[in-house]
Amino acid sequence: MTRPFLVVGGGITGLAAAFELATTGHGVVLVETDRLGGRIRTERVDGFMVEHGPDSFVAYRPGAVRLAEAMGIGDEVVPVVPPRSVHLRVGGRMEPMPDGMGMVLPTRIGPFARTRILSWPQKLRAVADLVMPRVLGDQDMAIGALLRRRVGPGVVTRFADPLVGGIYGASVDDLSIDAVLPMLRDYERKHRSLVLASLASGHAASRPGDSKGSPFRSMRGGMGQLVDALVAELEARDVPLRVGVAAVSLSVGPDGTRVGLSDGTELDVAGVVLAGGAPSSAGLLADVAPDAARTLRQVRYGSTRSIHLGYDGDAFDTPPTGHGYLEAGPDRAPVTGVTLASRKWPGRAPEGTVLVRAFVPDRVGPAAQLDDDDLLDTVTAHVGGVLGARREPRLRHLVRWNSAMPTYTVGHKARADAVAAALAGTPVRVAGSALNGVGVPDCIADGRRVASELATMSASALPA
Ligand SMILES: Cc1cc2nc3c(=O)[nH]c(=O)nc-3n(C[C@H](O)[C@H](O)[C@H](O)COP(=O)(O)OP(=O)(O)OC[C@H]3O[C@@H](n4cnc5c(N)ncnc54)[C@H](O)[C@@H]3O)c2cc1C
């Protein structure tokens, strides 16, 4: 009998890997310790749509849109509600993102010159990049370190840290160029000046200030809709989804590949996709590939807290407009950013109400250490004050994500390559946010890629 593949972890990566295997005619079993969807979870609370984890994905990385289309729910992918409106809060003032501003660099000089987000000395410091020699050698470097040298601290604190740090839940002074923004290396190599390269490219990393339209998409029924559709698809194909069961041991030898499960059973499998995160994968690889396990243990994880506040419309004299804002200093706020979910996405809140979502990652400082009640009080007071709420919200909902955000620190790309190299000759692959991209589209693409790689390997190992 042909042995099935095993997928460890029922987050979006593992589900996408199982989908790839099942739809290409391979047997597959998936085990999930906790709940299908992993970090993706959509909950309806008092009529408000609460996203525990991701609320959207970018369309220019095609993994998520392609998967939705493959499952026949491409028309459930929704764009943000127009008009697009992104703000930075600087010194207590709301400033619109300058048109053509990317995550770290301008693609148009006029709006950059006119913005009030940077002072004139900060703008002049940024254009010093035009005449500066190359800074990057062969080694990886922190994004913050490169940008401070090339375009100065103003661009780092006002743009790069709020925008890039907001996505990765970490400071740009910790994040790696090669793993997070490799285009910066290309820019410097090809054009020497990052600003010149960005102006020449005419487009930016994730185009936060691109007037042509937002790259962000979500699912009409929330991100959980993607998970529900995947689960239904796998169930329709009779893929065993064993929830409440953990993979606890792994051995690879001449007799085959064997996985021990927490229910006491063992499975002989054709190959294994490890999609349970770095610590989980490191534990399972301890004997099979000790070097890969050691490298995986070096991947740091940060924590964050997601808070939803739901207001009646008449809690405001003037209900807030726009899609939300990011805090860009210089004063320290207890949140890094606020999404006006009911303005940004269709169908997120009952008619006439306002749904707001705020993030409290570790890097906000003391607020991240508060207990639930104090944290909710602090965030409600701060966000309510900024948005001009006169009354308390009728919904206050907190989700804690402890050690949930992999931080791609300097050297991460080399670590990811080392893990892949160590496993190349084995029927085991690590996939998902631990190594090759934290965004939902990247996780999906990675899960599908390693699944198809294992399937090809296993087919070529069969006797002719
Ligand atoms: C608060 C928050 C907001 C985010 N926002 C966005 C966003 O807006 N857009 C975006 O693109 N990305 C966002 N992300 C990132 C994105 O959600 C994640 O990178 C992605 O969902 C990770 O998917 P995964 O399948 O790799 O891992 P997970 O979702 O963590 O799934 C791994 C699963 O494996 C299981 N598991 C672990 N070990 C074992 C074992 N031994 N046996 C069985 N099961 C095991 C776990 O229980 C878990 O369910 C956000 C993340 C967070 C935390």
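In what follows, Ala, Val, Leu, Ile, Met, Phe, Trp, Tyr, Cys and Pro count as nonpolar, Asp, Glu, Lys and Arg as charged, and the others, Gly among them, as polar. This is a predicted model: local features need pLDDT of at least 70, side-chain atom pairs count only at pLDDT 80 or more, and totals for chains, interfaces and linings use all residues. Residues are numbered from 1 along each chain as its sequence is written.

**Exercise 1. The ligand shell**

Task: describe the residues around the ligand by class, by nearest approach and by element.

Solution. Start with the classes. The shell holds 15 nonpolar, 17 polar and four charged residues. Next, find the nearest. Among the 36 residues around the ligand, these are Gly9, Gly11, Gly38, Gly276 and Gly432. A residue is near a molecule or strand if its C-beta atom, placed from the backbone, lies within 6 Å of it. Now assign elements. Helices (H or I, at least four residues) and strands (E, at least two) are DSSP runs, numbered from the N terminus. At least two shell residues each come from helix 1 (12–23), strand 2 (28–32), strand 15 (300–312), strand 19 (395–407) and helix 16 (440–461).

**Exercise 2. The nonpolar cores**

Task: which residues have the most contacts inside the largest nonpolar core?

Solution. Fix the terms. A nonpolar core is a set of buried Ala, Val, Leu, Ile, Met, Phe, Trp, Tyr and Cys residues joined through C-beta atoms within 7 Å. A residue is buried if 20 or more other C-beta atoms lie within 10 Å of its own, exposed if 12 or fewer, and partly exposed in between; C-beta atoms are placed from the backbone. The largest core has 68 residues, and Val7, Val8, Ala17, Ala18 and Val273 have the most contacts inside it. Helix 1 gives the most to this core: eight residues. A second, separate core has 63 residues, including Val104, Tyr168, Val338 and Trp345.

Then take Ala18. Two residues are in contact if their C-beta atoms, placed from the backbone, lie within 7 Å. Beyond its neighbours within four places in sequence, Ala18 touches Val7, Val28, Leu30, Leu234 and Val239.

**Exercise 3. A three-stranded sheet and Met219**

Task: in what order do the three strands of the open sheet lie, and is Met219 buried or exposed?

Solution. Strands pair if DSSP finds at least two bridges between them. The order is 5-9-6, with antiparallel pairing. Strand 5 (57–58) and strand 6 (77–79) are at the edges with a single partner strand each, so one side of each is left without a neighbour in the sheet. Strand 6 meets strand 9 (residues 216–219) through three bridges.

Now place Met219. Val77 has Met219 in strand 9 as its bridge partner. Met219 is buried, because 24 other C-beta atoms lie within 10 Å. Its C-alpha atom is 5.6 Å from that of Val78, though the two are 141 residues apart along the chain.

**Exercise 4. Two hairpins**

Task: trace the pairing from strand 11 to strand 13.

Solution. Strand 11 (residues 247–253) runs antiparallel to strand 12 (residues 256–261), with six bridges. Two residues link them in a hairpin. Ser251 pairs with Arg258 of strand 12. Arg258 in turn has Asp268 of strand 13 as bridge partner. Strand 12 and strand 13 (residues 266–269) share four bridges, again antiparallel. Their hairpin has four residues between the strands, and Gly264 in the turn has a positive phi of about 90°.
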